[in-house]
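Visitor: I would like a close look at a single part of this model, with attention to its charged side chains. Please take me through that part slowly and set it in the context of the whole chain.

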Amino acid sequence: RSIHHITAMSAQQALVEAASKNAELLQRINETEYASSALQQSQTYLDDLDREIKNWNSEIQRLELKTASEFKDHKKYAESTARRFMHRAAGKKEQFAEKASKEEREYVEALAAENQAKSRREEWVKNRDEARKQHAMLDDTDRTHKRLQAELDSLYNSIFTGPSPEFPGEDQKEFAMRQAKDAFNTAKQRHEAELQAVNCLRDAEQFMTQALQSLDDARSHSRMDMFGGGTISDMMERDALSKAQNATDKVKMLVQQAQRLSPDVQGLGDINIDQGHAMSDI
């Protein structure tokens with residue numbers, strides 16, 4: 001109920017009646033307070049994921065064109081009986097075989113690069129799908145927090161809005177409180193941004209640990225290949241290298257997020273991991 005220019009007795013009664021509701025609202029507001037800053041970080045994360053997926057889409061489009069071109073060249077030698085006969089008749093059988101092998105190798109490597117890029121894009125898409133679910137949950141919580149805050153403001157306004165002669169000095173204290181609240185919110189936002197930056201760097205550290213582990217796995221598979229591991233070892237080595245690159249991509253993205261949140265965070269240079277070659281490794 002709205003109470004304006006009430007007597008001291010009725011003001012005291014209003015405070016008593018509002019005490020229980022005030023305590024309930026404060027508790028629920030405190031429980032949902034995290035959502036606002038978390039939602040901002042979540043949106044930044046989603047924007048980074050969308051940007052990463054867009055980059056991979058462009059890269060895949062380029063690789064698909066290259067694969068198609070390499071396949072066309074490979075097909076010229078793989079299916080051309082006339083071309084093979086002409087080289088044989090001219091005594092250039094070995095040159096034809098070398099050229100055919102080269103075109104096949106280039107096609108297989110182009111196809112492998114395309115498939116690898118699509119696999120890495122799929123990982124980013126999965127991350128985005130999960131991030132969208134988390135974002136929706138945070139959005140609901142943030143909406144609840146804002147509604148609760150509006151209810152609390154309405155409760156306070158019903159008692160204290162306007163001049164309050166029943167409470168000497170209340171108007172001056174209300175003005176001072178608003179100034180203090182603005183200063184507090186500014187400091188709080190800066191503090192939360194720094195905490196988010198720390199969380200990003202912690203996540204980046206975990207992904208860097210994963211990358212180092214994957215590189216160690218790749219090294220082990222490479223050693224196995226030296227002692228006759230064969231095609232299986234080659235495949236496992238390239239898979240480990242791909243995982244390492246995926247992890248380092250996430251490290252870079254998280255560090256970039258931390259930089260946007262805190263001016264004290266320094267950037268990373270490019271981290272590129274040689275993925276090997278599908279034909280030359282076999």
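Guide: What follows is a walk along helix H4 and its charged residues, with a short look at the whole chain beforehand. The model is a predicted one, and its protein chain has 6 helices and 0 strands, so that, by the DSSP runs used to assign helices and strands, the elements read α-α-α-α-α-α from the N terminus on. Of the 282 residues in the protein chain, 32% are buried, while the accessible surface comes to about 18200 Å², with 53% of that area belonging to carbon and sulfur atoms. Among contacts with a separation of 6 or more, 81% are between residues 24 or more positions apart.

Helix H4 covers residues 93-160, and several of the 16 salt bridges counted in the model can be followed there. Side chains of opposite charge can pair when their charged atoms come close. Lys-118 forms one such bridge with Glu-114, the closest N and O atoms being 2.9 Å apart, and these two residues, 4 residues apart in helix H4, are separated by about one helical turn. The partners differ in their cover, because Lys-118 has a relative accessible area of 28% and is partly exposed, whereas Glu-114, at 8%, is buried.

A further pair in helix H4 has the same spacing of 4 residues, about one turn of the helix: Asp-142 and Lys-146, whose closest N and O atoms are 3.3 Å apart in a salt bridge. Here Asp-142 counts as buried at 5% relative accessibility, and Lys-146 is exposed, with a relative accessible area of 53%.

Glu-151 leads out of the helix, since this residue forms a salt bridge with Lys-21 in which the closest N and O atoms are 3.9 Å apart, a value inside the 4 Å limit for such a bridge. The pair links distant parts of the chain, with Lys-21 in helix H1 (residues 8-32) and Glu-151 in helix H4, 130 residues apart. Both partners are partly exposed, Lys-21 with a relative accessible area of 35% and Glu-151 with one of 29%. Arg-147 belongs here as well, for Lys-21, Arg-147 and Glu-151 are linked in a network of salt bridges.

Unpaired charge also deserves a look. Glu-122, Glu-123, Asp-129 and Glu-130 gather in a patch of negative charge on the surface; Asp-129, which is found in helix H4, counts as partly exposed at 37% relative accessibility, and members of such a patch have no salt bridge.

Key. Residues numbered from 1 in each chain as written. Predicted model: local features only at pLDDT ≥ 70, side-chain atom pairs only at ≥ 80, totals over all residues. Heavy atoms only, no water. Patch = residues over 30% accessible without salt bridge, like charges linked within 9 Å, V, L, I, M, F, W, Y side chains within 5 Å. Areas by Shrake-Rupley, 256 points an atom, 1.4 Å probe, with all protein chains shown as cover. Salt bridge = Lys/Arg side-chain N within 4 Å of Asp/Glu carboxyl O. Lys, Arg positive; Asp, Glu negative; His and termini not counted. Charge placed at Lys NZ, Arg CZ, Asp CG, Glu CD. Buried < 20%, exposed > 50% of the residue type's maximum accessible area, 1.4 Å probe, protein only. Contact = heavy atoms within 4.5 Å.
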